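Please open the model in your viewer and keep the sequence panel beside it. The tour below moves from one selection to the next and says what is to be found at each stop.

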Amino acid sequence: MNEPQARTQGVHHVGLTVPDLAPAGTFFVKALGFQQVGEVAEYPAVFLSDGATMITLWQAEDPASATPFDRRANIGLHHFALRVRDRSDLEQLYAEFQKRDDVKIEFEPEGLGSSEMRHMMCRIPGNIRLELIAG
């Protein structure tokens with residue numbers, strides 16, 4: 001029996017609501033080398049790309065009353081993962097993130113299950129969970 005083929009072709013973009021666009025956008029540009037490729041000032045939103053994946057950051061309408069994400073209690077995005085070039089880059093990012101005030105590391109680079117890959121998890125500005133994975 002023939003298995004149906006996927007009708008999608010990967011992630012086009014990930015949209016994240018954040019309490020403050022400036023620190024979240026700065027994190028992606030300064031820490032991960034993304035480029036800002038657009039914005040909608042009246043929304044407000046910014047669009048960032050690493051050349052393969054686009055991240056859309058949306059400003060929460062009222063950050064003071066917004067409910068912070070709790071991965072165990074909320075429905076929705078648990079985290080998102082970005083691939084990095086290799087283990088050396090993963091270790092370098094880990095070292096850099098340890099020095100940043102706007103990143104909280106949940107766990108340092110470690111093996112990913114029984115695979116050859118390594119990964120780490122952190123919280124970036126806006127309390128968004130980001131996983132970085134190296135093959």
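Begin by selecting Thr56 together with its surroundings: leaving out residues up to four places away in sequence, Thr56 touches His13, Val14, Gly15, Leu16, Val46 and Phe47. Bear in mind from the outset that this is a predicted model. Thr56 belongs to strand β4, and because its relative accessibility is 2%, under the 20% cut-off, it counts as buried.

Next, extend the selection from Thr56 to the whole of β4, residues 54–59, and add β1, to which β4 is joined by six bridges, the two strands running parallel. Within this pair, look for Leu16, which stands opposite Leu57 in β4.

Now bring in the rest of the sheet, an open one of four strands in the order β1-β4-β3-β2, with mixed pairing. Which strands stand at the edges of this sheet? They are β1 (13–18) and β2 (35–40), and since each has a single partner strand, one side of each is left without a neighbour in the sheet. If you look along the sheet, the twist from one strand to the next averages 20°.

For the following stop, select β2 and β3, which run antiparallel and are joined by five bridges. The connection between β2 and β3 is a hairpin that passes through four residues, and among the facing positions you will find Gln36 opposite Leu48 in β3. Colouring β2 by accessibility is instructive, as the number of buried residues among its six is zero, so this strand lies largely in the open.

Turn then to helix α1, residues 21–32, which packs on the sheet and touches β1, β3 (45–49) and β4, while the direction of the helix makes about 165° with that of β4. Within α1, select Ala31. Is Ala31 buried or exposed? With a relative accessibility of 10%, Ala31 counts as buried, because the cut-off for that class is under 20%. Show its contacts as well: apart from neighbours within four places in sequence, Ala31 is in contact with Thr26, Leu93, Glu96, Phe97 and Arg100. A distance label can also be drawn from Ala31 to Asp89, for these two residues are 58 apart in sequence, and their C-alpha atoms are 12 Å apart in space.

Finally, zoom out to the whole chain, which has two helices and eight strands, arranged along the sequence in the pattern β-α-β-β-β-β-α-β-β-β. Along the principal axes, the C-alpha atoms fill a box of roughly 45 × 45 × 35 Å. Of the 135 residues in the chain, 32% count as buried, and the chain exposes about 8900 Å², of which carbon and sulfur atoms supply 49%. If you generate a contact map and keep the contacts with a separation of 6 or more, residues 24 or more positions apart account for 46% of them. As a last selection, colour the charged side chains, of which 13 are positive and 19 negative, with the centres of the two sets lying 5 Å apart.

Key: Residues are numbered from 1 along each chain as its sequence is written. This is a predicted model: local features need pLDDT of at least 70, side-chain atom pairs count only at pLDDT 80 or more; totals for chains, interfaces and linings use all residues. Side-chain values use heavy atoms; hydrogens and water are left out. Buried means under 20% relative accessible area, exposed over 50%, partly exposed in between (1.4 Å probe, protein chains only). Contact means heavy atoms within 4.5 Å. Accessible areas come from the Shrake-Rupley method with a 1.4 Å probe; for residues, only the protein chains shown count as cover. Lys and Arg count as positive and Asp and Glu as negative; His and the chain ends are not counted. The place of a charge is taken as NZ of Lys, CZ of Arg, CG of Asp or CD of Glu. Two strands pair if DSSP finds at least two bridges between them. Axes are lines fitted to C-alpha atoms, for helices over the stretch in contact, and angles run from 0 to 180 degrees between N-to-C directions.
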